[in-house]
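Me: Could you walk me through this structure? I'd like to start with the surface and then move on to the inside.

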Amino acid sequence: MKLYAYFLMAYFSLKESLTYWKDYISFIIFSVLGLVLQISAWYALYSSVDFAPVMGRSYETMITYYLIMQIVRNFTSADGIAGTLEQRMSTGEIATDMLRPAAPRGILIARAWGEKLYYFIPSILIFVGSVLVVGGIQLPASPGVFAAFCVSLCLGYLINLMFDLVMATFAFWFIEVNTLRWFVTFFVALSGTAVPLWLLPSWLQAICRALPFQAAAYVPMQIYLGSTNPAEILRAFGTQIFWIIGLFLVQEWLWRRGKRRIVVLGG
């Protein structure tokens, strides 16, 4: 019964998001423009060197990276949970959530999935259209590599989910948490979604590897591109699981402490 309730909440969240159709169109337009600019920039760079490899990566690999990263970024993102909890804290709806049979965090995750579908569906269409225009992408080396990529993708989502739950718990102490979320946006950009980490200086790559964000997006892409051997894939899984467990324990501790501080501001 609880599972059905979560599906229902996700459906209503998606339906609510679709009412803002102008935002939907804007998202599609800016996504397409951003992708066109990225591909055009790399085409100009590679054409200037007669499409010779740049930093050991071919033009096909680079284009594949950016096209697949659109899927990786949209699938693994868990944005919206912190903002939703903040809003429900300010209106007092969190008190009602605490009394419901469904877990409050389950409600937040279900609503986030509704919003995720809002963005994920057009990203798939943009990806398919881009592949048709570009003329194909680099495929995984084997079915096993693709399976490992899918597993890593799911682990990447759990990392971002745990991190966003950590951010959400700060709503128990602060009225505004989106400001904090924007503060860490710079570090999220170091996940490899904007620029492949292999293009960064070695010292910056070391910083990125010490943060959980690259394990959420860059690691799955490395597996997809075949840049890791079986032993490295297992180590990558281990790193991702480490971050999931660590962030889960942090958010669990903060959630338990935060529940004691609930102050209903809106009623």
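Reply: Gladly, and one term has to come first: a patch here is made of residues with over 30% relative accessible area and no salt bridge, where nonpolar side chains are joined within 5 Å. Please also keep in mind that this is a predicted model.

Me: OK, which residues form a nonpolar patch on the surface?

Reply: The patch consists of I25, I29, F30 and L33, and together these residues have about 410 Å² of accessible area.

Me: Where does L33 lie, and is L33 buried or exposed?

Reply: L33 lies in helix α2, which covers residues 21-48. L33 counts as partly exposed, because its relative accessibility is 47%, and partly exposed is the class between under 20% for buried and over 50% for exposed.

Me: Let's zoom out. What does the secondary structure of the chain come to?

Reply: The chain has 12 helices and zero strands, so from the N terminus on the order of elements reads α-α-α-α-α-α-α-α-α-α-α-α.

Me: And how much of the chain is buried?

Reply: Of the 267 residues in the chain, 45% are buried. The chain exposes about 14,200 Å², with carbon and sulfur atoms supplying 71% of that area.

Me: What share of the contacts links residues 24 or more positions apart?

Reply: Among contacts in the chain with a separation of 6 or more, 80% are between residues 24 or more positions apart.

Me: Now helix packing. How do α3 and α7 cross?

Reply: Helix α3 (residues 59-76) and helix α7 (residues 143-169) have axes that come within 8 Å and cross at roughly 45°. The two helices are therefore oblique to each other, since an angle of that kind falls outside the ranges for roughly parallel (under 35 degrees), roughly perpendicular (65 to 115) and roughly antiparallel (over 145).

Me: Which residues make the contact?

Reply: On the α3 side the contact is made by I68, V72, F75 and T76, and on the α7 side by F149, L153, C154, G156, Y157 and N160.

Me: Staying with α3, what is T61 in contact with?

Reply: Once its neighbours within four places in sequence are left aside, T61 is in contact with Q138 and L225. T61 is placed in helix α3, and T61 counts as buried because its relative accessibility is 12%.

Me: Switching topic, how many salt bridges does the structure hold?

Reply: The structure holds one salt bridge, formed by E252 with R256, whose closest N and O atoms are 3.1 Å apart.

Me: Where do E252 and R256 lie?

Reply: Both E252 and R256 lie in helix α12 (residues 230-259), four residues apart, which is about one turn of the helix.

Me: Are those two buried or exposed?

Reply: E252 is buried, because its relative accessible area is 15%, whereas R256 counts as exposed because its relative accessibility is 51%.

Me: What about the loop between α2 and α3: which phi values are positive there?

Reply: Among them are two residues other than glycine: D50 has a phi near 55°, and F51 has a phi near 60°. D50 is placed in the loop between α2 and α3, as is F51. With a relative accessible area of 70%, D50 is exposed, while F51 counts as partly exposed at 38% relative accessibility.

Me: And M55, what is M55 in contact with?

Reply: Leaving aside its neighbours within four places in sequence, M55 is in contact with W198 and L199. M55 is likewise placed in the loop between α2 and α3, and M55 is exposed because its relative accessible area is 51%. Although M55 and L199 are 144 residues apart along the chain, their C-alpha atoms are separated by 7.5 Å.

Me: One last pair: how far apart are M98 and K259 in space?

Reply: From C-alpha to C-alpha, M98 and K259 are 9.2 Å apart in space, and 161 residues apart in sequence. M98 lies in helix α5 (residues 93-99) and is partly exposed, with a relative accessible area of 26%.

Methods. Residues are numbered from 1 along each chain as its sequence is written. Side-chain values use heavy atoms; hydrogens and water are left out. Patches are made of residues with over 30% relative accessible area and no salt bridge: like charges are joined within 9 Å, nonpolar side chains (Val, Leu, Ile, Met, Phe, Trp, Tyr) within 5 Å. Accessible areas come from the Shrake-Rupley method with a 1.4 Å probe; for residues, only the protein chains shown count as cover. A salt bridge is a side-chain nitrogen of Lys or Arg within 4 Å of a carboxyl oxygen of Asp or Glu. Buried means under 20% relative accessible area, exposed over 50%, partly exposed in between (1.4 Å probe, protein chains only). Axes are lines fitted to C-alpha atoms, for helices over the stretch in contact, and angles run from 0 to 180 degrees between N-to-C directions. Contact means heavy atoms within 4.5 Å.
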